Amino acid sequence: PLATACRFLWRDYEVAFLFWEVLDLGRKLFLASLVLFIDLEYGSSKLLRLLVASVISAFYLAAIALARPFKRADDDYLACIANLILTCCFVLGAAIQIC
């Protein structure tokens with residue numbers, strides 16, 4: 001049935017965190033496309049986009065670190081490290097933009 005075919009979407013999450021994939025897709029959608037609608041007047045030379053992306057990434061990193069939504073601890077660690085690197089990239093981009 002359909003539940004078996006879609007199992008890859010939720011099999012890595014704890015039972016209480018089956019919604020986490022939807023949350024992660026919303027974050028990805030925001031960082032990949034919706035952030036472009038911030039500060040349309042001045043284009044991509046403004047810092048606001050990087051700062052908003054940094055804050056969103058930092059909040060998501062904190063949420064993953066606190067909630068630990070994955071069944072395997074290795075997946076939790078990998079998700080934390082990946083989001084930490086993403087947050088650092090946004091912060092360094094903002095620092096480069098300032099200098």
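Trainee: Why is the sulfur of Cys 88 in no bond with the closest cysteine sulfur, and how far away is that sulfur?
Mentor: Good place to start, and keep in mind that this is a predicted model. The closest cysteine sulfur belongs to Cys 89. A disulfide needs the two sulfur atoms within 2.5 Å. The pair is too far apart for a bond because the separation is 7.1 Å.

Trainee: Then how many disulfides does a search of the whole structure find?
Mentor: Cys 99 is no help to Cys 88, as the nearest cysteine sulfur to Cys 99 is that of Cys 88, 16 Å away, and Cys 99 is in no disulfide. For the whole structure, the search gives a total of zero.

Trainee: Is Cys 99 buried or exposed?
Mentor: Let's set Cys 99 beside Cys 88, which has a relative accessible area of 38% and is partly exposed. The exposed class begins over 50%. Cys 99 has a relative accessibility of 86%, so Cys 99 counts as exposed.

Trainee: On to the rings: how many aromatic pairs are there, and which residues do ring pairs link into a cluster?
Mentor: Happily, there is plenty to look at here: the whole structure holds five aromatic pairs. Ring pairs join several residues into a cluster, and its members are Phe 17, Phe 19, Trp 20 and Tyr 60.

Trainee: What is the geometry of the pair formed by Phe 17 and Phe 19: stacked, edge-to-face or tilted?
Mentor: The centres of the Phe 17 and Phe 19 rings are 6.0 Å apart. Planes under 30 degrees apart would be stacked and those over 60 edge-to-face. With planes at 45°, the pair of Phe 17 and Phe 19 is therefore tilted.

Trainee: And at what angle are the ring planes of Phe 19 and Trp 20?
Mentor: The ring centres of Phe 19 and Trp 20 are 6.0 Å apart. This pair is classed as tilted because its planes are at 55°.

Trainee: Which of these residues is partly exposed: Phe 17, Phe 19 or Trp 20?
Mentor: Take them one by one, with buried meaning under 20%. Phe 17 is buried at 19%, and Trp 20 is buried at 4%. The relative accessible area of the remaining residue is 44%, so the partly exposed one is Phe 19.

Trainee: Which element gives the largest share of the largest nonpolar core?
Mentor: That core has nine residues, among them Phe 17, Trp 20, Tyr 60, Leu 61 and Ile 64. Two elements each contribute two or more residues, namely α3 (48-67) and α4 (73-98). The largest share is three residues, and the element that supplies them is α3.

Trainee: Which residue lies over the face of Tyr 60?
Mentor: Tyr 60 touches several residues beyond four places in sequence, including Trp 20, Leu 23 and Asn 83. The residue over the ring face is 4.3 Å from the ring centre, and this residue is Arg 27.

Trainee: Which backbone oxygen lies 2.8 Å from a polar atom of the Asn 83 side chain?
Mentor: Asn 83 lies in helix α4 and is buried, at 6% relative accessibility. Beyond four places in sequence, Asn 83 contacts Arg 27, Tyr 60, Leu 61 and Ile 64. The backbone oxygen at 2.8 Å comes from Ala 79.

Trainee: Finally, what is phi of Arg 68 near?
Mentor: Arg 68 lies in the loop between α3 and α4, and is partly exposed at 40% relative accessibility. Most residues other than glycine have a negative phi. For Arg 68, phi is positive, near 50°.

Notes: Residues numbered from 1 in each chain as written. Predicted model: local features only at pLDDT ≥ 70, side-chain atom pairs only at ≥ 80, totals over all residues. Heavy atoms only, no water. Buried < 20%, exposed > 50% of the residue type's maximum accessible area, 1.4 Å probe, protein only. Phe/Tyr/Trp six-rings, centres within 6.5 Å; stacked < 30°, edge-to-face > 60°. Lys NZ or Arg CZ within 6 Å of the ring centre and 35° of its normal. Core = buried A, V, L, I, M, F, W, Y, C linked by side-chain atoms within 4.5 Å. Helix = DSSP H or I, 4+ residues; strand = E, 2+ residues; numbered from the N terminus. Contact = heavy atoms within 4.5 Å. Polar contact = N/O pair within 3.5 Å; in protein donor to acceptor, adjacent residues only side chain to side chain.
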